[in-house]
Amino acid sequence: MPNTRPDFDVIVIGGGMVGATCALALAGRGLNLAVIEAQEPPRSWSQGAIDGRVSALNRASQRLFERLELWESIRELGVNPYQAMHVWDALSGGQIHFDSQALGEPDLGYIVENRVVQRVLWEQLENAEAVTLLCPAGIVGLETDSSGAQLMLTDGRTLTTRLVIGADGRDSLVRTLADIETETVEYAQRAIVAQVRPTDWHRDTAWQRFLPTGPLALLPLADGRCSLVWSADDDRARELLALDDAAFSAALTEASELRLGTLTLDSPRTAIALRRQHATTYIRPALALIGDAAHAIHPLAGQGVNLGFMDAAELAAAILLAHRHGRALGGRWTLRRYERARRHVNAQMLQMMDGFKRLFGNTEPLIVRARGLGLNLVDHLEPVKRLMMQSAFSGQFSATSRQRSASQQRLFSDHFDS
Ligand SMILES: Cc1cc2nc3c(=O)[nH]c(=O)nc-3n(C[C@H](O)[C@H](O)[C@H](O)COP(=O)(O)OP(=O)(O)OC[C@H]3O[C@@H](n4cnc5c(N)ncnc54)[C@H](O)[C@@H]3O)c2cc1C
């Protein structure tokens with residue numbers, strides 16, 4: 001790398017939900033930042049037109065957005081709190097119900113359209129101090145060493161930076177150019193995503209039924225509709241996608257056991273191939289991966305972007321700490337701090353979701369029976385349910401509550417304070 005002052009302190013590649021959050025967590029702290037994004041998020045949409053993609057945001061993500069003073073704007077554009085979650089198993093009949101009141105919480109989280117989060121983040125970035133937005137833009141080349149990174153852009157420009165952050169999603173080009181491998185498991189399942197209209201009120205409840213071919217989730221939206229995420233084995237997904245709208249609605253109503261009455265498809269369907277993917281390392285000299293660029297997870301527990309937001313917060317915290325102490329932003333001291341905080345936690349969550357997928361996809365009669373008994377037993381154990389919900393709130397399944405609170409304390413207090 002040339003031994004001159006770089007163009008930027010930090011360049012984030014990918015201004016999606018995770019990359020934009022990381023850039024905002026760094027903005028206004030004396031760093032010169034750039035965000036390179038392939039396409040701008042939508043600015044407006046007609047009333048009633050709901051985005052196909054929504055996320056269930058957990059408490060930790062909500063708190064991060066509060067900390068960044070973005071939560072009110074997100075709320076104003078439209079969120080729907082869900083007060084309960086009902087999970088049931090098609091084969092065993094076992095079920096478990098989580099209720100926010102029983103757990104002493106006002107809600108269990110929020111269902112938010114991805115475009116709402118993206119728009120709020122993007123508009124904030126446009127007004128942020130010392131942030132250059134390059135959009136539409138992309139990269140074709142990347143070189144890094146311990147002194148920094150050099151990026152070759154699609155328009156022929158070359159930019160230099162102390163640190164490059166790869167937040168460019170599941171098929172990350174940054175990861176490929178940095179020669180970082182992934183451990184990948186193809187699930188041979190697709191998630192069919194759409195909006196559906198139930199005849200009965202969804203009761204602000206997130207519904208999930210485990211079918212032997214994959215989980216079916218119905219997430220409550222503010223206008224009474226539900227966001228559907230129906231994960232199904234490839235063959236079953238192909239059958240479902242080949243049905244016309246009326247036949248699909250009928251199949252969905254049957255698969256949901258009419259818990260919400262009759263369900264009618266209310267938007268086009270899209271399908272996303274599912275895989276588990278974990279980068280073998282999150283860091284290289286002067287480079288870090290965050291969000292889906294680092295890990296992709298089965299959507300059955302709605303944790304993917306929540307994990308990504310915590311990556312963004314931890315990495316921003318490590319960079320700000322390095323900046324304050326005059327350490328190299330892209331140096332090992334900074335980046336190992338981030339990787340140590342996140343890779344293990346993410347790996348545990350990925351494994352946990354793998355375990356759930358395997359457990360609920362198993363049709364062995366003994367396993368099915370044990371699974372049903374287990375669900376019904378836990379349903380009657382409030383302390384266990386409370387623990388499970390606290391883990392889901394924080395996005396950390398296996399850490400003790402003490403470890404969790406220490407980590408969240410770090411994220412939301414001292415590192416962000418100037
Ligand atoms: C069906 C489904 C349901 C889900 N539901 C939930 C849920 O309820 N809760 C939850 O927490 N998670 C959920 N997830 C996961 C969540 O959607 C992802 O984790 C999240 O979108 C990842 O965000 P990201 O910013 O890391 O990546 P992305 O959303 O992929 O964003 C990457 C950004 O980088 C840009 N980009 C890509 N390549 C380049 C390049 N070369 N140059 C410049 N820009 C580039 C893209 O345009 C994009 O803006 C779900 C996933 C699926 C598939």
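User: What separates the centres of domain 1 and domain 2, and over which atoms is this taken?

Analyst: In this predicted model, the centres of domain 1 and domain 2 are 26 Å apart, taken over C-alpha atoms. The domain assignment gives domain 1 as 8–82 + 105–184 + 277–416 and domain 2 as 187–274.

User: How do you know that domain 1 and domain 2 are in contact?

Analyst: Contact requires heavy atoms within 4.5 Å, and by that criterion 20 residues of domain 1 touch 24 residues of domain 2. The area buried between domain 1 and domain 2 is about 1900 Å², with 62% of it given by carbon and sulfur atoms. On the side of domain 1 that touches domain 2, β4 (79–82) and α9 (332–361) each supply at least two residues, and by class this side has nine nonpolar, six polar and five charged residues.

User: Which polar contacts and salt bridges are counted between domain 1 and domain 2?

Analyst: Six residue pairs are in polar contact between domain 1 and domain 2, with both residues at pLDDT 80 or more, whereas the count of salt bridges between these domains is zero.

User: Why is the pair of Glu-105 and Arg-59 called a salt bridge?

Analyst: The term asks for a side-chain nitrogen of Lys or Arg within 4 Å of a carboxyl oxygen of Asp or Glu; the closest N and O atoms of Glu-105 and Arg-59 are 3.0 Å apart, so the pair qualifies. Glu-105 sits in the loop between β6 (95–99) and β7 (109–113) and Arg-59 in helix α2 (residues 59–67), so the pair links distant parts of the chain, 46 residues apart. A search of the whole structure finds 26 salt bridges.

User: What makes the approach of Asp-292 to the ligand a polar contact?

Analyst: The cut-off for a pair of N or O atoms is 3.5 Å, and an N or O atom in the side chain of Asp-292 is 2.7 Å from an oxygen atom of the ligand, so this pair meets it. Backbone N or O atoms also lie within that cut-off of a ligand oxygen atom, at 3.1 Å for Val-18 and at 3.4 Å for Met-17. Asp-292 is also among the residues that come nearest, along with Glu-37, Ala-56, Val-305 and Asn-306, out of the 29 around the ligand.

User: Why is the peptide bond from Cys-135 to Pro-136 called cis?

Analyst: The peptide bond from Cys-135 to Pro-136 has omega near 0° and is cis, with Pro-136 placed in the loop between β8 (131–134) and β9 (139–145).

User: What is noted about phi of Asp-204?

Analyst: Phi of Asp-204 is near 45°, a positive value in a residue other than glycine, and Asp-204 lies in the loop between β12 (182–198) and β13 (205–211).

Conventions: Residues are numbered from 1 along each chain as its sequence is written. This is a predicted model: local features need pLDDT of at least 70, side-chain atom pairs count only at pLDDT 80 or more; totals for chains, interfaces and linings use all residues. Side-chain values use heavy atoms; hydrogens and water are left out. Domain bounds come from an automatic or database domain assignment. Buried area is the accessible area (1.4 Å probe) that two parts lose on being put together, summed over both. A polar contact is a pair of N or O atoms within 3.5 Å; within protein, one must be able to donate a hydrogen and the other to accept it, and residues adjacent in sequence count only if both atoms are side-chain atoms. Helices (H or I, at least four residues) and strands (E, at least two) are DSSP runs, numbered from the N terminus. Ala, Val, Leu, Ile, Met, Phe, Trp, Tyr, Cys and Pro count as nonpolar, Asp, Glu, Lys and Arg as charged, and the others, Gly among them, as polar. A residue is near a molecule or strand if one of its heavy atoms lies within 4 Å of it.
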